[in-house]
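Open your viewer and get comfortable with the select command. This is a short walk through one chain, stop by stop.

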Amino acid sequence: MNPIYERRPAVEVRPARPGDAEAIRVIRNHAIEHSTALWTQTPQSPAEGAAWLAAHLERGSAFVAEVEGEVAGFAVYGPWRKLDGYQHTVDDSVYVREDRHGLGIGSALLAALIASAREAGHHVMIADIEAENSSSIRLHERFGFHHVGTVPEVGSKFGRWLDLTIMRLPLT
């Protein structure tokens, strides 16, 4: 059968729960170890992963995507900066399990994040993306994010300098 006619598995996006912490941590740690999406080389421990997720659960800003009963991706939004002048601005993070790319999971998760942030009354969502991550940039563009700048060489990983692309979506 021609692959374009094959049926994609259904993607269900739901609010994350404490029991999702380990599946989310595995996805995060894979990104830490194998990509420039997260600018650290220190994997999260189970306790760190649970604490990180708990902060998002408290805000109601964490979602998972399930495919065939398994967590295949997650997305969160949180404060962009800690000072109170930024209280109406959030940034997003969307991660899809390596073996589940191309199924529309990132789109489903980002749609849920945007809707939730709007419902919560936030004003702007920011996406800080490693400048060579073209798939994440395209995903955000499809949802109306606009490129507002690229800051050269502000991070490093795997022995090289990384540029940061900043994208913005008005929520109100």
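Begin by selecting Ser45, which is partly exposed because its relative accessible area is 27%, a value between the 20% that bounds buried and the 50% that bounds exposed. Keep in mind as you click along that this is a predicted model. Ser45 belongs to the loop between α1 and α2. Now add Ser134 to the selection: 89 residues separate Ser45 and Ser134 in sequence, and their C-alpha atoms are 29 Å apart in space. Each of these two serines leads to a helix stop on this tour.

**Stop one: helix α2**

Select residues 46-59 to light up helix α2. The helix has 14 residues and spans 20 Å from its first C-alpha to its last, close to the 20 Å expected at 1.5 Å a residue. Show the side chains of Leu53 and His56 together with Gly49; these three residues of α2 are buried. Look down the axis and you will find them on the same side of α2, because they cover an arc of only 55°.

Which parts do the buried residues of α2 pack against? Colour α1 (21-34), β2 and β3, and you have the partners. Next, turn to the face of α2 that points away from the buried side, where Ala47 and Glu58 are exposed. Before leaving, click Gly60 just after α2, which takes a positive phi of about 75°.

**Stop two: helix α4**

Ser134 takes you to helix α4, residues 134-142. Pick out Ser136, Ile137, Leu139 and His140, the buried residues of this helix. They cover an arc of only 160° around the axis, so they sit on the same side of α4. To see what they pack against, show β4, α3, β5 (124-130) and β7 (160-170). Just after α4 there is another glycine to click: Gly144 has a positive phi of about 95°.

**Stop three: the aromatic rings**

A pair of aromatic rings is described by how far apart the centres are and by the angle of the planes. The count here is three aromatic pairs. Select Phe74 and Tyr95: the ring centres are 5.3 Å apart and the planes meet at 20°, so this pair is stacked, as planes under 30 degrees apart count as stacked. Phe74 belongs to strand β3 (residues 70-79) and Tyr95 to strand β4 (residues 89-96), so the pair ties together parts 21 residues apart in sequence. Are these two residues buried or exposed? Both Phe74 and Tyr95 are buried.

Move on to Trp80 and Tyr86, whose ring centres lie 5.6 Å apart with planes at 80°, so the pair is edge-to-face. Tyr86 is partly exposed, with a relative accessible area of 33%. While Trp80 is on screen, add Arg81: its charged end sits over the Trp80 ring, 4.1 Å from the centre.

Now bring in Trp52, which forms one aromatic cluster with Phe74 and Tyr95. Trp52 has an arginine over its face as well: Arg28 lies there, at 4.1 Å from the ring centre.

**Stop four: the salt bridges**

How many salt bridges does a search of the whole structure find? The search finds seven, and a few of them make good selections. Take Arg14 and Asp20, whose side chains meet in a salt bridge at 2.8 Å, N to O. Arg14 and Asp20 are both buried. Add Glu66 to the view, and you have a network of salt bridges linking Arg14, Asp20 and Glu66.

Then select Arg100 and Glu68, which form a salt bridge of 3.1 Å, N to O. This pair links distant parts of the chain, 32 residues apart: Arg100 is in the loop between β4 and α3 (105-119), and Glu68 is in the loop between β2 (62-67) and β3. Switch on a surface to compare the partners. Arg100 counts as buried because its relative accessibility is 13%, whereas Glu68 is exposed, with a relative accessible area of 61%.

For the last selection, choose Arg97 and Asp99, joined by a salt bridge of 2.7 Å, N to O. Asp99 is exposed, at a relative accessible area of 55%.

How values were computed:
Residues are numbered from 1 along each chain as its sequence is written. This is a predicted model: local features need pLDDT of at least 70, side-chain atom pairs count only at pLDDT 80 or more; totals for chains, interfaces and linings use all residues. Side-chain values use heavy atoms; hydrogens and water are left out. Rings of Phe, Tyr and Trp (its six-membered ring) pair if their centres lie within 6.5 Å; planes under 30 degrees apart count as stacked, over 60 as edge-to-face and the rest as tilted. Helices (H or I, at least four residues) and strands (E, at least two) are DSSP runs, numbered from the N terminus. Buried means under 20% relative accessible area, exposed over 50%, partly exposed in between (1.4 Å probe, protein chains only). A charge sits over a ring if NZ of Lys or CZ of Arg is within 6 Å of the ring centre and within 35 degrees of the ring normal. A salt bridge is a side-chain nitrogen of Lys or Arg within 4 Å of a carboxyl oxygen of Asp or Glu. The expected span of a helix is 1.5 Å times one less than its number of residues. The arc is that of the directions from the helix axis to the C-beta atoms. Contact means heavy atoms within 4.5 Å.
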